[in-house]
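Hi everyone, thanks for making room for me this morning. I'd like to walk you through one structure, so let me put it up on the screen.

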Amino acid sequence: GVFGGGHTEIIDRIGRPVGASASGNGLKVTADAIIGDSHNACIVYTIEREDGTPFDFEPNEFGYLPLHFQSQWTDLNVLGGSHGSAWFTDNDPGDNKIQFVEVKSADVPLGGRAKAEFHDLCYFNEETGESEPLVEGDWKLRFNVDYEDASVQVPAGQAFTQDGMGFTVTGISLSP
């Protein structure tokens, strides 16, 4: 759902880590899907309450939930620099699952095995400005960074001038 449901050509390129989950303290964390290109990846994890109790959090104006992990780390087997961002969302309010979406970019190609570690699921209370533990625990999992490169190459070679300087486009790659 996070990647959208109507684009079959993109949906077919999503990697689906099989058996990549960890349970503890009433929560199950599962790596559900990964999509990307050679240097970028988007990973969707599902956080599930094992007792079936629904998560009851209102998203902010951007659709993000006021949740975070006390610490969270995903190693995509990068021997170089990397950076990214992450957020919580809820594809189906009222059920016992929420999604944690993580986007990573690296200066070297991605691949191999990934390790993900999560520590203490927390709630950010906007009224008090404080972070409050929701579920304490540690969840660790491993999975293959295995997806089809979803980038599309666009014809290049165009020359143009901008502010008196000449430029030539040597390559364009678009990626979801």
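Before I point at any loop, a word on how I name things: helices and strands here are DSSP runs, at least four residues for a helix and at least two for a strand, numbered from the N terminus. With that naming, Gly 63 falls in the loop between β3 and β4, and I'll come back to that glycine later. Please also keep in mind that what you see is a predicted model.

Let's begin with the overall picture. The protein has 176 residues, and 35% of them count as buried. There is one helix, and there are twelve strands. If you read along the sequence, the helix comes at the start of the pattern and the strands follow. Along the principal axes, the C-alpha atoms fill a box of roughly 60 × 35 × 35 Å.

Now to the sheets. One open sheet has five strands, in the order β1-β2-β3-β6-β5, with antiparallel pairing. Its edge strands are β1, residues 21-24, and β5, residues 82-89, and each of these pairs on one side only. From one strand to the next, the twist averages 20°. Within this sheet, have a look at β3, residues 40-49, alongside β6, residues 97-106: the two are joined by nine bridges in the antiparallel sense. If you want a landmark there, find Thr 46, which stands opposite Gln 99 in β6.

Another open sheet has three strands, ordered β4-β7-β8, and is antiparallel as well. Which strands stand at its edges? They are β4 and β8, and because each has a single partner strand, one side of each is left without a neighbour in the sheet. Ignoring direction, neighbouring strands here are turned by 10° against each other on average.

β7 sits in the middle of that order, so to speak, and let me take its two pairings in turn. With β4, the strand pairs over eight antiparallel bridges, and Thr 74 has Ala 116 in β7 as its bridge partner. With β8, there are twelve bridges, again antiparallel, and Glu 117 stands opposite Lys 140 in β8. β7 and β8 also form a hairpin, with four residues between them. In that turn, Gly 129 has a positive phi of about 75°.

What fills the inside? The largest nonpolar core has 32 residues. Those with the most contacts inside it are Tyr 45, Ile 47, Phe 88, Phe 118, Leu 121, Leu 141 and Phe 143. Two or more residues come from each of β2, β3, β4, β6, β7 and β8. There is also a second, separate core of five residues, including Ile 35, Cys 42, Val 44 and Val 101.

While we're on backbone angles, two residues other than glycine deserve a click. Asn 25 has a positive phi, near 55°, and lies in the loop between β1 and β2. Asp 120 also has a positive phi near 55°, but Asp 120 belongs to strand β7. Are they buried or exposed? Asn 25 counts as exposed because its relative accessibility is 57%, over the 50% cut-off. Asp 120 has a relative accessible area of 13% and is therefore buried, as that value is under 20%.

Here is the glycine I promised. Gly 63 counts as partly exposed, at 28% relative accessibility. Gly 63 and Asp 90 are 27 residues apart in sequence, and their C-alpha atoms are 8.2 Å apart in space. A similar exercise works for Asp 32 in strand β2, which is partly exposed at 31% relative accessibility. The C-alpha of Asp 32 is separated by 9.2 Å from that of Gly 19, 13 residues away along the chain.

Last stop, the surface. Which residues make the nonpolar patch of about 240 Å²? Look for Val 152, Val 154 and Leu 174. Leu 174 is found in strand β12, residues 172-174, and counts as exposed because its relative accessibility is 52%.

That's my tour, and I'm happy to rotate the model to any of these spots.

How values were computed
Residues are numbered from 1 along each chain as its sequence is written. This is a predicted model: local features need pLDDT of at least 70, side-chain atom pairs count only at pLDDT 80 or more; totals for chains, interfaces and linings use all residues. Side-chain values use heavy atoms; hydrogens and water are left out. Patches are made of residues with over 30% relative accessible area and no salt bridge: like charges are joined within 9 Å, nonpolar side chains (Val, Leu, Ile, Met, Phe, Trp, Tyr) within 5 Å. Accessible areas come from the Shrake-Rupley method with a 1.4 Å probe; for residues, only the protein chains shown count as cover. A salt bridge is a side-chain nitrogen of Lys or Arg within 4 Å of a carboxyl oxygen of Asp or Glu. Buried means under 20% relative accessible area, exposed over 50%, partly exposed in between (1.4 Å probe, protein chains only). Two strands pair if DSSP finds at least two bridges between them. Axes are lines fitted to C-alpha atoms, for helices over the stretch in contact, and angles run from 0 to 180 degrees between N-to-C directions. A nonpolar core is a set of buried Ala, Val, Leu, Ile, Met, Phe, Trp, Tyr and Cys residues joined through side-chain atoms within 4.5 Å.
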